[in-house]
Amino acid sequence: MKREIMSTKRYEEVLNMLETDKKAIEKLSSSERQEIIRDGYAMKIAAATDITNLRHLPKVLRQDKSFMCSVIKDFPLAMSYCYKTWFQNKNFVEFVRDAANAEAKKYNSPEMKKLYNKLVDQQ
């Protein structure tokens, strides 16, 4: 099978589509989807519109702790897509709690803080 490479113009169109459409990843062709899910920047944009887009995250990015931490810092719900063994590390759990607390503080919501902490405890 011949692998197609997206043009720069099409790549920009896809990024714009990811910013506006929650189901944009499903609408892409298979070669475009493969190219997008390998790009961490594009996946962060996709996560901003709909966190469930992270289910398409390839194993290489999912295993990259620094990438996942940068996503968690922006979107604390991304902790749901981390490996459960990471939550055995005290420093990682503290980082996730801090990110979740910062998100709750941003929206001035103590209920959100409780929910995030409950999710961390479950993980």
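## Helices H1 and H4

Let's start with a pair of helices: H1 and H4 run roughly parallel to each other. Their axes are 7 Å apart and make an angle of about 25°, and because angles under 35 degrees count as roughly parallel, the pair earns that label. Please keep in mind from here on that this is a predicted model.

On the H1 side, the contact is made by Tyr11, Leu15, Leu18, Glu19 and Thr20. Their partners on H4 are Tyr41, Ala42, Ile45, Ala46 and Thr49. Sorted by class, the residues of this contact of H1 with H4 are 7 nonpolar, 2 polar and 1 charged.

## The overall picture

Stepping back, the protein has 8 helices and 0 strands, so to the eye following the chain from the N terminus, the order of elements reads α-α-α-α-α-α-α-α. Along the principal axes, the C-alpha atoms fill a box of roughly 50 × 30 × 20 Å.

Of the 123 residues in the protein, 42% are buried. If we take contacts between residues at least 6 apart in sequence, 49% of them join residues at least 24 apart.

## H4, an enclosed helix

Helix H4 covers residues 40–49. Of its 10 residues, 7 are buried, so H4 is largely enclosed by the rest of the structure. The buried ones are Gly40, Ala42, Met43, Ile45, Ala46, Ala47 and Thr49. What lies over them? The cover includes helix H1 (8–20), helix H2 (24–27), helix H3 (30–37), helix H5 (59–63) and H6.

The start of H4 has a polar detail worth a look: a side-chain oxygen of Asp39 comes to within 3.3 Å of the backbone nitrogen of Tyr41. Tyr41 also belongs to the H4 side of the contact with H1.

Helix H3 has buried residues too, namely Glu32, Glu35, Ile36 and Ile37. Among the elements that cover them are H1, H4 and H5.

## H6 against H7

A second helix pair is formed by H6 (residues 65–74) and H7 (residues 90–106), whose axes come within 8 Å and cross at roughly 25°. H6 and H7 are therefore roughly parallel to each other. Lys65, Cys69, Ile72, Lys73 and Asp74 of H6 meet Phe92, Phe95, Val96, Ala99 and Glu103 of H7. By class, this contact has 6 nonpolar, no polar and 4 charged residues.

Phe92 is a good residue to follow from here. Leaving aside residues up to four places away in sequence, Phe92 touches Lys65, Cys69, Ile72, Cys82, Trp86 and Phe87.

## The nonpolar core

In soluble globular proteins, nonpolar side chains tend to be buried together. Here, the largest nonpolar core has 37 residues. Which of its members touch the most other members? They are Leu18, Leu54, Ile72, Met79 and Phe92. The elements that give two or more residues to this core are H1, H2, H3, H4, H6, H7 and H8.

The helix pairs described above tie in with this list: Leu18 takes part in the contact of H1 with H4, while Ile72 and Phe92 take part in that of H6 with H7.

## Two aspartates

Is Asp21 buried or exposed? Asp21, in the loop between H1 and H2, counts as buried because its relative accessibility is 19%. A polar atom of the Asp21 side chain lies 3.2 Å from the backbone nitrogen of Lys23. Not counting residues up to four places away in sequence, Asp21 touches Lys27 and Thr49, and Thr49 is one of the buried residues of H4.

Asp121, in helix H8, has a relative accessibility of 55% and counts as exposed. The side chain of Asp121 is joined to that of Arg97 by a polar contact of 2.5 Å. Asp121 and Phe87 are 34 residues apart along the chain, and their C-alpha atoms are separated by 9.0 Å.

## The loop before H8

Last stop: Asn108, which is found in the loop between H7 and helix H8 (110–122). Most residues other than glycine have a negative phi. Asn108, though not a glycine, has a positive phi, near 50°. Asn108 is exposed, with a relative accessible area of 70%.

Key
Residues numbered from 1 in each chain as written. Predicted model: local features only at pLDDT ≥ 70, side-chain atom pairs only at ≥ 80, totals over all residues. Heavy atoms only, no water. Axes fitted to C-alpha atoms, helices over the stretch in contact; angles between N-to-C directions. Helix = DSSP H or I, 4+ residues; strand = E, 2+ residues; numbered from the N terminus. Parallel < 35°, antiparallel > 145°, perpendicular 65-115°, else oblique. Contact = heavy atoms within 4.5 Å. Nonpolar A, V, L, I, M, F, W, Y, C, P; charged D, E, K, R; others polar. Buried < 20%, exposed > 50% of the residue type's maximum accessible area, 1.4 Å probe, protein only. Polar contact = N/O pair within 3.5 Å; in protein donor to acceptor, adjacent residues only side chain to side chain. Core = buried A, V, L, I, M, F, W, Y, C linked by side-chain atoms within 4.5 Å.
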